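Biologist: I should like to learn how the features of a structural model are read. Could we work through one together?

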Amino acid sequence: MIRSVVRGNGAALPRRIMKNADFEGMVETSDEWIVQRTGIRQRHVAADDETTASLGEAAARAALDSAGLTPADIDLIVLATSTPNNTFPATAVEIQNRLGMHHGFAFDMQAVCSGFVYAVATADLYIRGGLAKRVLVIGSETFSRILDWSDRSTCVLFGDGAGAVVLEAAEGEGSIADRGVLAASLRSDGVHKDKLFVDGGPSTTGTVGHLRMEGREVFKHAVGMITDVIEATFAEAGITAQDLDWFVPHQANKRIIDASAKKLGIAEQKVVVTVDLHGNTSAASVPLALSVAVADGRIKKGDLVLLEAMGGGFTWGAVLLRW
Ligand code: ACO
């Protein structure tokens, strides 16, 4: 059977790093509060010339380099983002143009922080359905542009960045020993839409709006939703937490990551944590975490890797793949 195998990956971060202490003169907060409640120590913040498209392009080029491919080898770009350069066209099309790619097709996917997990699952279906052979899956965000910088309960949590993988069609035996995407489980429930949202949009206010969140409510639901969808993915693949080599969760809050891993019985040393470095970069957080763990030699070819995310909507999902 056809499998969607990761052939390369890459990442890009804005030049400017903002430390927790940099917020102390702006809102009533402290490095201690932010670290204790979230695990975040710093985040990257985009300059005016750094956009979702430019960061996404840089991550895509890094992924192509690591795969030994060029844009000519790609048939589809799926960009997960909630902070597009424009309301339309899709920022994926802008990245396609920046890459000098005038063949194939490109579209954006909007599932907030779950965007990259949704995008990998979607790209896998395009590959297995025979509509694409090589797909660039990108998560790129500039959440700094939609933050209310006077709201201490949200502005300290988010950061900007991008990550990407190249997925390629390859023959597999249909067993769990295959490389590539092995199982996926996606969920959403709009009953929670007002717990984490942006208070603007083209069809309502005609403005871009700002991020609003009931943090405690999100926290309350997060661990249960994450563990449910991961257990469904384990059941589909016929594995248990012990079989995993690496758990690469969405990087929103260290306490949510720790509680989810504990509930699932995933050993601490198998959990990739980058929330301290990047903050919550929404759809970019999982591919950014992947890039760190691949670059430092933790994730290696043949490793069994579980990706997971949960975000506004709510949306949530998990993807199991063999690297
Ligand atoms: N500095 C200092 N104090 C703060 C700050 C801050 N930056 N932010 C809030 N506080 C205060 C609050 O005002 C409150 O004060 P009060 O008791 O006087 O009212 C107090 O700290 C406690 O606030 P809580 O919201 O109860 O704090 P909590 O321990 O829940 O931590 C947090 C807040 C970090 C937001 C937590 O709820 C959380 O992580 N929630 C999940 C958020 C999340 O994961 N979001 C991303 C989802 S992914 C996506 O789609 C974007």
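**Reading burial, contacts and pockets**

Modeller: Let us begin with a helix in this predicted model. In helix 9, the buried residues are Ser285, Val286, Pro287, Leu288, Ala289, Leu290, Ser291 and Ala293. Helix 9, which spans residues 285-295, is thus mostly covered, with eight of its 11 residues buried. Just after helix 9, Gly297 adopts a positive phi of about 90 degrees.

Biologist: How is a single residue judged? Is Ser54 buried or exposed?

Modeller: The relative accessible area decides, and buried means under 20%. Ser54 has a relative accessibility of 17%, so Ser54 counts as buried. Ser54 belongs to helix 2, residues 52-67.

Biologist: Which backbone atom does the side chain of Ser54 reach, and which residues are in contact with Ser54 beyond its neighbours within four places in sequence?

Modeller: The side chain of Ser54 comes to 2.9 Å from the backbone nitrogen of Thr51. With neighbours within four places in sequence set aside, Ser54 contacts Asp49 and Arg98.

Biologist: Where does Ser144 lie, and what does Ser144 touch?

Modeller: Ser144 sits in the loop between strand 6 (134-142) and helix 5 (152-155). Its relative accessibility is 11%, and therefore Ser144 counts as buried. Not counting residues up to four places away in sequence, Ser144 touches Val45, Ala46, Trp149 and Asp160.

Biologist: What class of accessibility does Ala169 have?

Modeller: The partly exposed class runs between the buried limit of 20% and the exposed limit of 50%. Ala169 has a relative accessible area of 29%, so Ala169 is partly exposed. Ala169 is part of strand 7, residues 160-171. Outside its neighbours within four places in sequence, Ala169 is in contact with Ile2, Arg3, Ile127 and Lys133.

Biologist: How should separation in sequence be set against separation in space for Ala169 and Phe158?

Modeller: The two quantities are stated side by side. Ala169 and Phe158 are 11 residues apart in sequence, and their C-alpha atoms are 34 Å apart in space.

Biologist: Let us turn to pockets. How much space lies in the largest pocket, and which residues lie nearest its centre?

Modeller: A pocket is described by its volume and its lining. The largest pocket holds about 860 Å³ of space. Its lining comprises 34 residues, and Ser82, Thr83, Pro84, Gln110 and Val208 lie nearest the centre. Strand 5 (105-109) and strand 9 (196-198) are the elements that give two or more residues to this lining. The largest share, three residues, comes from strand 9. By type, the lining divides into 15 nonpolar, 17 polar and two charged residues.

Biologist: Why is the largest pocket said to lie between domain 1 and domain 2?

Modeller: Domain 1 (2-171) and domain 2 (180-322) both give residues to the lining of the largest pocket, which is why it lies between them.

Biologist: How does the second largest pocket read on the same scheme?

Modeller: The second largest pocket contains about 620 Å³ of space. It is lined by 26 residues, of which Leu157, Met213, Gly215, Phe219 and Asn253 are the closest to its centre. The elements giving two or more residues to this lining are helix 1 (31-38), helix 6 (215-237), helix 7 (254-264) and strand 12 (304-311). Helix 6 gives the most, with six residues. The lining divides into 15 nonpolar, seven polar and four charged residues. Domain 1 (2-171) and domain 2 (180-322) both contribute to the lining of the second largest pocket, so this pocket lies between them.

How values were computed. Residues are numbered from 1 along each chain as its sequence is written. This is a predicted model: local features need pLDDT of at least 70, side-chain atom pairs count only at pLDDT 80 or more; totals for chains, interfaces and linings use all residues. Side-chain values use heavy atoms; hydrogens and water are left out. Helices (H or I, at least four residues) and strands (E, at least two) are DSSP runs, numbered from the N terminus. Buried means under 20% relative accessible area, exposed over 50%, partly exposed in between (1.4 Å probe, protein chains only). A polar contact is a pair of N or O atoms within 3.5 Å; within protein, one must be able to donate a hydrogen and the other to accept it, and residues adjacent in sequence count only if both atoms are side-chain atoms. Contact means heavy atoms within 4.5 Å. On a 1 Å grid over the protein atoms alone, a cavity is a set of points where a 1.4 Å probe fits but cannot get out, and a pocket is an open set with protein on both sides within 12 Å along at least five of seven lines; lining residues have an atom within 4 Å of a point. Grid points are joined across faces, edges and corners, and a volume is the space filled by probe spheres set on the points. Ala, Val, Leu, Ile, Met, Phe, Trp, Tyr, Cys and Pro count as nonpolar, Asp, Glu, Lys and Arg as charged, and the others, Gly among them, as polar. Domain bounds come from an automatic or database domain assignment.
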